[in-house]
Amino acid sequence: MSKKKKRRPAPRKVARYIKFRTGLVFLVVLGLMSFLILRIIVISKNDGEDYNKTILSQMSYDSRVIQAERGKIMDRNGTSLAYNENRYNLILEPKNILEDEADKEVTLTALEKCYGYDRKEIEERLKANPNSYYDRYKNQISEKAMQKFLDYTEEYNNAKDTEQESASEPETKADTEDKKSDSSFLGRIKGLFSDDDDSDKEEKKRGKIKGVYFEKNQKRVYPYKSLASTTIGFANSAGGVTGLESYYNDLLKGTDGRRFGYLNEESSVDVQTIEETDGYSLVTTLSSYIQKVCEDVINRYEKKTGSNVTSIMVMNPNNGEIYAMSESRQFNLQKPDDLTSYYSEKELKKMSRKQKSEALLQIWRNFCTSTSYEPGSTAKVFTVAAGLEEDRLKQNDTFVCDGVGVYGGCRIHCHKRSGHGSLNVMGALMASCNDALMLMGDKIGTEIFCDYQSKFNFGRLTGVDLPDEFSCSNQIYHADNMTSVDLATNSFGQNFYVTMVQMCAAYASLVNGGNYYEPHVVKQILDGDGNVLENVEPKLVRQTVSKNTSEFMKEALLQTVENGTGNRIKIEGYEIGGKTGTAEKADVGAAEETYTVSFMSVAPAYDPEVIVYVVVDEPNCTKAENTYQAKDLCKEVLEKILPYLNIYPTADEDSVSNANGDFTDPEDDEMYDEDTPIIETPQQIKDAERIRKEAEKAQNKNKTEDKNKTESKNKNKTESKNKTGN
């Protein structure tokens, strides 16, 4: 019986509607794709450029400022007083660093090893701004510190490259055998569970140092810190703030460059770089040596005695060049906002922000150019010069000082209450006689006196190339508002105000033949390569006095030092001219009795090459009105700078005669009697008379009472005797 064959099931027939639907979907998709392709072709052909611009305009291009290097400030010998050093900001890119865990770990390790930064703190900072590409983590890193990180990164990369090279070395026979065994089925199975990764995985595992770069900027460096701080001034990121840094800011700062991207005609991005232009450098007239000498002298004095402000200015009288401007209010140019040298922590905590700002402005202020004071007897020379020039005085005129003069109903005293007696013009300067100078002022008259104050530039700007110069225009009298009392007091240097730079410039004209030069601090302007762009030539402003008057004034100043009130500053072998000055800042005898004492010197006396001017405002000592404070400081400076300036002893001992008198006094003759004002007003005179009468009345009353007591006592004695006798 034969076996029956099984029949295979007939294949299912696909329904016709399914075929139709599938075909329809295919055709629709094909049509849409064809439409999109055609549309893209059309857009690319007709509007492609516009689309490119739209897309590119939404991209952020690299646009960075290229900082120009600020110019140097140097002293007259080329010593750098201010210059720039490259500094770098450490920038983190959180987005790139956090992109891969391995990269993050090696990058944080690099920062930790190079700088000791807190790893956790950096990681928290990155996570706080995970999408940022710019996070300035540290400012003002030195070039050496930056290089340390770059070297570490290079060593790390080199080590990684070495490992990769080792991995790619030719295979040995043993390696081939291992590979063959691994190619077997068993080897392939083992490979599935092996912990060994290939070279790509190893590279990925080690990670890359990325997301860290350094942004270059510049730091202003003042190598001598506080030296000439108020003259040099300081600059911050916005530019010069005080001193030369501010006055010459436009020259020093240069012009920053820029690197940026833009769309060209082909709708692609081009990078354009505009190069920076470095600032010009300044060669000043300052001498760092003379400046240091002056500051050291001031610092020793302040430490020993102290004052409100002590200032010394040194100048060349023949061209207006300033060698030094120094004062007791000094500050560190690297830390200009540090007040800890002037105030305790407790005081600083109590101060408001406004009070701190005012305190800083006071410290940053240049006393020589921006602070006014009464010059005192140093100004007597200008009264004499005006009288001689206008023929109101003769050199051999004599004046009798009886210790007091009466002007406008006021009694105005000489510093020597008993009077100097008969003095000629030169003798009046040597003795610094107030009474004689008042008599001279009366002969000169207000018109001429005020005219010469203007000629000597008092009440006007000198034009010195420093910011915030004060003119004192509202602190000086004019012919239309000057009374006889004002003329009398002005004639010996009180009741009007000056600045140190005004006094130095005026004295320079008095001893250099009558030429008033504009004082200045900058000598040359150099370009970035050190080439001289401009030599600042001496600027002659006007003629103040004739040569004959100048010669007489030099002789008078020499006599004042040799045989007058300036005798204390004599230096053996040198012929030095000078004049003392004392000015009351309040009525003598008042609760707030204060003085400004000063000394002006010129050397050599007959052919001056240098002026040294010392002002001590409110010295902290007894007999504060005594000018020995200023004289001693002036002498100490002269002894140190004269040899430096190649000015050597030339005079024989006792070579200067004393034909005009001897007014020297070891105790310093220019000293006021205690509790007696220079100027006594009519009211003061009345008050003094009232007090005198009351004192006399009280004295008479006491005498009467004493007399009555005596008579009563005698009467009692007589009565007692009579009783005893009875």
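1. Accessible surface. The protein exposes an accessible surface of about 40400 Å², and carbon and sulfur atoms account for 48% of that area. Of the 726 residues in the protein, 44% are buried. These values, like the others in this note, come from a predicted model.

2. Overall content. The protein contains 25 helices and 24 strands. When contacts between residues at least 6 apart in sequence are considered, 75% of them join residues at least 24 apart.

3. Confidence. The mean pLDDT of the protein is 83, with 77% of the residues at 70 or more. Two stretches deserve caution. Over residues 180-204 the pLDDT stays under 50, and the model shows ten contacts there beyond four places in sequence. Residues 667-676 also have a pLDDT below 50, and this stretch has 37 contacts in the model beyond near neighbours in sequence. Where pLDDT is low, the predicted coordinates should not be read in detail.

4. A five-stranded sheet. One open sheet has five strands in the order β12-β11-β23-β22-β21, and their pairing is antiparallel. Its edges are formed by β12 (322-327) and β21 (577-584), each of which pairs on one side only. On average, neighbouring strands of this sheet are turned by 10° against each other, with direction ignored. Helix α23 (residues 547-563) packs on the sheet, where it touches β21 and β22 (595-603). The direction of α23 makes about 75° with that of β21.

5. Strand β11 and its partners. Strand β11 (residues 307-315) runs antiparallel to β12, and five bridges join the two. Ser311 stands opposite Glu327 in β12. The pairing of β11 with β23 is likewise antiparallel and extends over eight bridges. On this side, Val309 stands opposite Asp617 in β23. Strand β11 is mostly covered, as eight of its nine residues are buried. In a regular strand the side chains alternate between the two faces of the sheet.

6. The hairpin. Strands β11 and β12 form a hairpin with six residues between them. In the turn of this hairpin, Gly320 has a positive phi of about 85°.

7. Helix α13. What is the span of helix α13 (residues 288-304) from its first C-alpha to its last? The helix has 17 residues and reaches 24 Å, close to the 24 Å expected at 1.5 Å a residue. Its buried residues are Ser288, Ile290, Gln291, Val293, Cys294, Glu295, Val297, Ile298 and Tyr301. The elements that cover these buried residues include β3 (80-92), β11, β12, β23 (610-619) and α24 (628-644). Three of the strands named here, β11, β12 and β23, also belong to the sheet of point 4. Just after α13, Gly306 takes a positive phi of about 90°.

8. Strand β23 and the loop before it. The peptide bond from Ala603 to Pro604 is cis, with omega near -15°. Pro604 has its place in the loop between β22 and β23. Within strand β23 itself, Glu618 has a phi near 55°, a positive value in a residue other than glycine. Is Glu618 buried or partly exposed? Glu618 counts as partly exposed because its relative accessibility is 25%, and the range for that class runs from 20% to 50%.

9. The loop between α20 and α21. This loop, between α20 (446-455) and α21 (484-491), holds Leu461 and also Cys472. Leaving aside residues up to four places away in sequence, Leu461 touches Glu469, Phe470 and Ser471. The C-alpha atoms of Leu461 and Glu518 are separated by 9.8 Å, although the two residues are 57 residues apart along the chain.

10. Cys472. The backbone of Cys472 has a phi near 65°, a positive value in a residue other than glycine. Is Cys472 buried or exposed? Cys472 counts as buried because its relative accessibility is 0%, and the cut-off for buried is under 20%.

Notes
Residues numbered from 1 in each chain as written. Predicted model: local features only at pLDDT ≥ 70, side-chain atom pairs only at ≥ 80, totals over all residues. Heavy atoms only, no water. Pairing = 2+ DSSP bridges. Helix = DSSP H or I, 4+ residues; strand = E, 2+ residues; numbered from the N terminus. Axes fitted to C-alpha atoms, helices over the stretch in contact; angles between N-to-C directions. Contact = heavy atoms within 4.5 Å. Expected span 1.5 Å × (residues − 1). Buried < 20%, exposed > 50% of the residue type's maximum accessible area, 1.4 Å probe, protein only. pLDDT = per-residue confidence, 0-100. Areas by Shrake-Rupley, 256 points an atom, 1.4 Å probe, with all protein chains shown as cover.
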